[in-house]
Number of protein chains: 2
Amino acid sequence: MDIEQTICQMARDAKKAAAVISRCTTTQKNQVLTAMADLLEAKAESIFTENRKDLERAKVAGLSAAMIDRLTVSEQTIASMAGGLREVAAYTDPVGTMDQTQVRPNGLRVARMRIPLGVIGIIYESRPNVTIDAAGLCLKSGNAVILRGGSEAMHSNQALAAIIGQALESAGLPPQAAQVVPTEDRSAINALLAQEEFVDLIIPRGGEGLIRFVVEHSKIPVLKHYKGVCHVFVDESADFAMAEAIALNAKAQRPGVCNAMETLLVHQSVAAEFLPAMARRFAEARVELRGCSRTLAILPDIPAATDADWPAEYLDLILAVKVVDDMDAAMSHIAEYGSSHTEAIVTSDYRRAQRFVREVDASVVLVNASTRFNDGGQLGLGAEMGISTSKLHAFGPMGLEELTTRKFVVLGDGQVRS
Amino acid sequence: MDIEQTICQMARDAKKAAAVISRCTTTQKNQVLTAMADLLEAKAESIFTENRKDLERAKVAGLSAAMIDRLTVSEQTIASMAGGLREVAAYTDPVGTMDQTQVRPNGLRVARMRIPLGVIGIIYESRPNVTIDAAGLCLKSGNAVILRGGSEAMHSNQALAAIIGQALESAGLPPQAAQVVPTEDRSAINALLAQEEFVDLIIPRGGEGLIRFVVEHSKIPVLKHYKGVCHVFVDESADFAMAEAIALNAKAQRPGVCNAMETLLVHQSVAAEFLPAMARRFAEARVELRGCSRTLAILPDIPAATDADWPAEYLDLILAVKVVDDMDAAMSHIAEYGSSHTEAIVTSDYRRAQRFVREVDASVVLVNASTRFNDGGQLGLGAEMGISTSKLHAFGPMGLEELTTRKFVVLGDGQVRS
């Protein structure tokens, strides 16, 4: 079979398996997740062996230290994957729950029932743990999944795929409910993106290049997880101590993630008072600042920001700082440069807090809290598939519920339309 | 400006207008809808004049009587459009409502707030009333809309566009919140499908060809409204009088619509008793039957169904009839030939009703009621944008709420992540 035929067969098998997994009881699905966790721990050595093959090849290919780090499966990676699966097993199963129940005037009883989406395709890059994390969430929500990881993690992902298949079989379920694409050939991605008859959703996880490629070529709906160019706006009525703590946390607590702050906006009337102390705290945390001209007038020692800084997602200990005339100017800046991801205001003013919440276009809008809270666990959803920055279907962190949809259930006793 | 530039400018303007309309009060939006309704009635004559230009051209082009009927704007069309707008004005506005409120252990107050999707592109065929109906629903739900109707309705749609623009301006809102593409050139569709920076959703309404074209070329998420190959399964425990009434209504009450039944499935143990009486009722309603071999053994006078009948969406007084071994066979048939649209069972058996509801994959699943109830009005959603047969975002009838999404609102008092 050529690659297209292989992928088409996988998609066909996945659709059949999806019908089975969609009808499973929660107990059966939890049994699969628990078996996966147990097998990961029991077979850690064989996973390390396969992972070493990937790592050796990566070294020969001259991959960066950061890439090799992401590719490495350690004892800790195993523990974290297994722990994650057991946590997801403990989550409430959304499938089959009903809401918006109503009785129509003609006596029809109408409700909306949560159902799995069907078959989900995940296209990702180097981290092998995504194979396990994504499979766990998809299976718990009753979906079948086709996983296409980075070619550099091929051996590791195949070893993990074997474990998932074994766990499914041990619970009496078809192993085709979670399949890993068994080829490094990039044309497998194109083939997968063309299976609109069998695959219901594609989630690309990775850099902007991957996401653009997927959106460009997919005939299947795509949920995008783009970058986070997140802002904190310090209003003139802000409590300075609170603003300092939030800005520092948003930038420096974990700078390499999408919900870290990339630009600090400061109201002009408090900039001269607020920025010097704030700058000292950033300096202690080794955050490098880049300022607009009004910032430079207050902090003359930092470099000037250029046009490239305002849309930048540094993912690093670098921060652009801009003094703005007022909240309208802050919101205009966010509308122009933000990525609909996470936006925060620090203020004591009721009206401004309300307006910011209503008018700012982002998946998570916060008042007096760090941008770092845009996270499924922090917002009460549990583990997440990522953070959607497109509005359709899911906007913000995607938990189990966001991997389902709803159908209408109508119970009658002979009603017809007149 | 060439077409691409025109469309790009429209999309850019729409995005700006979307920010304004998204913040409107419900009162302002209702004012627009009411003004649209009033203007439609006041300017009916000028709409008829423009519509006549389209009709004359259609006659010269030799369009079918059915096409010309769909294209015609009559007094009744005006009344129905105006009435529809006043009805939508009376609906509850979903924008700004909050749900899933929770307080996190750290005191953060988290909720999900309904917000408009942004800019919606609607691509449709000949009916000019879609211009008004779709604009009304999009504006009420706080979205900007770009409408691209059939080239054969160009004059009518431009006249309606002028009315919508005037209504928006009369309420102090930018007319760019609802724009009609001012060219017949088909390349305008391609240009619109490429505006992923400004347009959030595309809804194609029309035949399978149009929908396939849009899905194939769009870089923007598409909500599909495909065909309805709907079934009624008469179980062995069905009340025959009820089953007859439901099957007759599902097929014959309005055969040309997507929620009409196209295939009747009958349990083998009751086929010999049920089918002759049912066939007489269908004959009275001038429904032409096509049967499987077991049906022909009971109704020898009807023609045999061929392979082409089971997946057919007749949209006409034609019905395929199949005798099945049991409910499993019925559900397998539905899984193979159904279009995820509407499926009904007639049964008195509790367990079978439950299984059918849980296991059948369709946007609306009914027990003991006609398939014709898959309709926004009938299911309590009010007027609808169409019936989505894809699972992402909305599955089934799309009302106002389905034209919105939700963002997270997080209210804190200084929380940071540790």
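**Chains A and B: questions about a predicted model**

Modeller: Let's start at the interface of this predicted model: 67 residues of chain B are in contact with 67 residues of chain A.

Colleague: What area is buried between chain B and chain A, and what share comes from carbon and sulfur atoms?

Modeller: About 5700 Å² is buried between the two chains, and carbon and sulfur atoms give 53% of that. On the chain B side, B:L392, B:F408 and B:R417 lose the most area to chain A, together 15% of what that side buries.

Colleague: What makes B:E402 and A:R112 a salt bridge?

Modeller: The rule asks for a side-chain nitrogen of Lys or Arg within 4 Å of a carboxyl oxygen of Asp or Glu. Here the N to O distance between the side chains of B:E402 and A:R112 is 3.0 Å, so the pair meets the rule. Across the interface of chain B and chain A, the rule finds eight salt bridges.

Colleague: How many residue pairs are in polar contact there, and which element gives the largest share of the side of chain B that touches chain A?

Modeller: The count is 39 residue pairs in polar contact, both residues at pLDDT 80 or more. Elements of chain B that each supply at least two residues to the side touching chain A include β1 (98-103), α10 (240-252) and β15 (404-415). The largest share, eleven residues, comes from β15(B). By class, that side of chain B has 31 nonpolar, 19 polar and 17 charged residues.

Colleague: How do you know that the salt bridge of A:K219 and B:E216 joins two chains?

Modeller: A:K219 lies in the loop between α9 (208-217) and β7 (230-234) of chain A, while B:E216 is in helix α9 of chain B, so the pair joins two chains. Their side chains meet at 3.9 Å, N to O, and the cut-off is 4 Å, so this pair also counts as a salt bridge. Over all chains, the structure holds 45 salt bridges.

Colleague: Now to the helices. Why is α3(B) called roughly antiparallel to α7(B)?

Modeller: The axes of α3 (residues 44-60) and α7 (residues 154-170) of chain B cross at roughly 155 degrees and come within 6 Å. Angles over 145 degrees count as roughly antiparallel, and that makes α3(B) roughly antiparallel to α7(B). By class, their contact has five nonpolar, three polar and three charged residues. Among the residues that meet are B:I47 and B:D54 in α3(B), and B:H155 and B:I163 in α7(B).

Colleague: What makes the approach of B:D375 to B:G377 close enough for a polar contact?

Modeller: The limit for a polar contact is 3.5 Å. The side chain of B:D375 reaches the backbone nitrogen of B:G377 at 2.8 Å, so the distance is within that limit. The same side chain reaches the backbone nitrogen of B:Q378 at 2.9 Å. B:D375 lies in the loop between β12 and β13 (387-388) of chain B. Leaving aside neighbours within four places in sequence, B:D375 is in contact with A:R417, B:N259, B:E384 and B:P397.

Methods
Residues are numbered from 1 along each chain as its sequence is written. Chains are lettered from A and ligands numbered from 1 in the order in which they are written. This is a predicted model: local features need pLDDT of at least 70, side-chain atom pairs count only at pLDDT 80 or more; totals for chains, interfaces and linings use all residues. Side-chain values use heavy atoms; hydrogens and water are left out. Axes are lines fitted to C-alpha atoms, for helices over the stretch in contact, and angles run from 0 to 180 degrees between N-to-C directions. Helices (H or I, at least four residues) and strands (E, at least two) are DSSP runs, numbered from the N terminus. Angles under 35 degrees count as roughly parallel, over 145 as roughly antiparallel, 65 to 115 as roughly perpendicular and the rest as oblique. Contact means heavy atoms within 4.5 Å. Ala, Val, Leu, Ile, Met, Phe, Trp, Tyr, Cys and Pro count as nonpolar, Asp, Glu, Lys and Arg as charged, and the others, Gly among them, as polar. Buried area is the accessible area (1.4 Å probe) that two parts lose on being put together, summed over both. A polar contact is a pair of N or O atoms within 3.5 Å; within protein, one must be able to donate a hydrogen and the other to accept it, and residues adjacent in sequence count only if both atoms are side-chain atoms.
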